[in-house]
Amino acid sequence: MTEGDKKTLLNIARLSIQHGLDHQYPSNISPKDYSSALQQTAASFVTLQLNGELRGCIGTLLAHQALINDVYEHAHGAAFTDPRFSMLSMEEFLNVHIEISILSRMQEIIFNNEEDLLKQLKPGVDGLTIENTLHHATFLPQVWKSLPEPINFLHQLKLKAGLNGNHNLLDIKAFRYSVFSIEEKQ
């Protein structure tokens, strides 16, 4: 991915949010208008921060559309449909910081127990998804900055999934992935 591609992704995220503020709905873009790198099928998350605090984060774990479309869609979602936050205002938009995470393919982690899973995690590197038939949650690798201890990282991920923090992981599948991050200069 070129520096131009990175700038294009950040610009398209801003354009998506601006369009949502101006028109109250998302629009579509055509991937053929962008470089071949941005036309590749990829999974992404768009994270918005305001004054160093999370302001919205929406994405997907499974690649299903062109990266440029994925980022455009998730920028709009992070600004306007993240259920944890109200819709982004114009005033907030002027000060929001955008980070785009492009995900690698997920790899299942085979583990015997929680201790085994914790030993296999690479703090600061691994994004982690846990799931069973009723529960599902993920933390991007960036979450390690606020939860640097693997035991706390996993505990909070279980809570995010709607599980008790002491939930036995025998009925859980775990998957790791890495991200390539692009963010605006502060």
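Colleague: What makes the lining of the largest pocket divide into ten nonpolar, nine polar and seven charged residues?
Modeller: Residue type decides: Ala, Val, Leu, Ile, Met, Phe, Trp, Tyr, Cys and Pro count as nonpolar, Asp, Glu, Lys and Arg as charged, and the others, Gly among them, as polar. This is a predicted model, where local features need pLDDT of at least 70 and side-chain atom pairs 80 or more, while totals for chains, interfaces and linings use all residues. Residues are numbered from 1 along each chain as its sequence is written, and side-chain values use heavy atoms, without hydrogens and water.

Colleague: Why is it called a pocket, and which residues lie nearest its centre?
Modeller: On a 1 Å grid over the protein atoms alone, a pocket is an open set of points where a 1.4 Å probe fits, with protein on both sides within 12 Å along at least five of seven lines; lining residues have an atom within 4 Å of a point. Here 26 residues line it, with L54, C57, R84, L140 and V143 nearest the centre. Strand β2 gives the largest share, five residues (strands are DSSP E runs of at least two residues, helices H or I runs of at least four, numbered from the N terminus).

Colleague: What makes the largest nonpolar core a core?
Modeller: Such a core joins buried Ala, Val, Leu, Ile, Met, Phe, Trp, Tyr and Cys residues through side-chain atoms within 4.5 Å, buried being under 20% relative accessible area (1.4 Å probe, protein chains only). The largest has 27 residues, and V46 and V71 are among those with the most contacts inside it. Helix α3 gives the most, eight residues.

Colleague: How do you know that V46 is in contact with V71?
Modeller: Contact means heavy atoms within 4.5 Å, and V71 is one of the partners of V46, as are I98 and I100.

Note on methods
Buried means under 20% relative accessible area, exposed over 50%, partly exposed in between (1.4 Å probe, protein chains only). Lists of a residue's contacts leave out its neighbours within four places in sequence.
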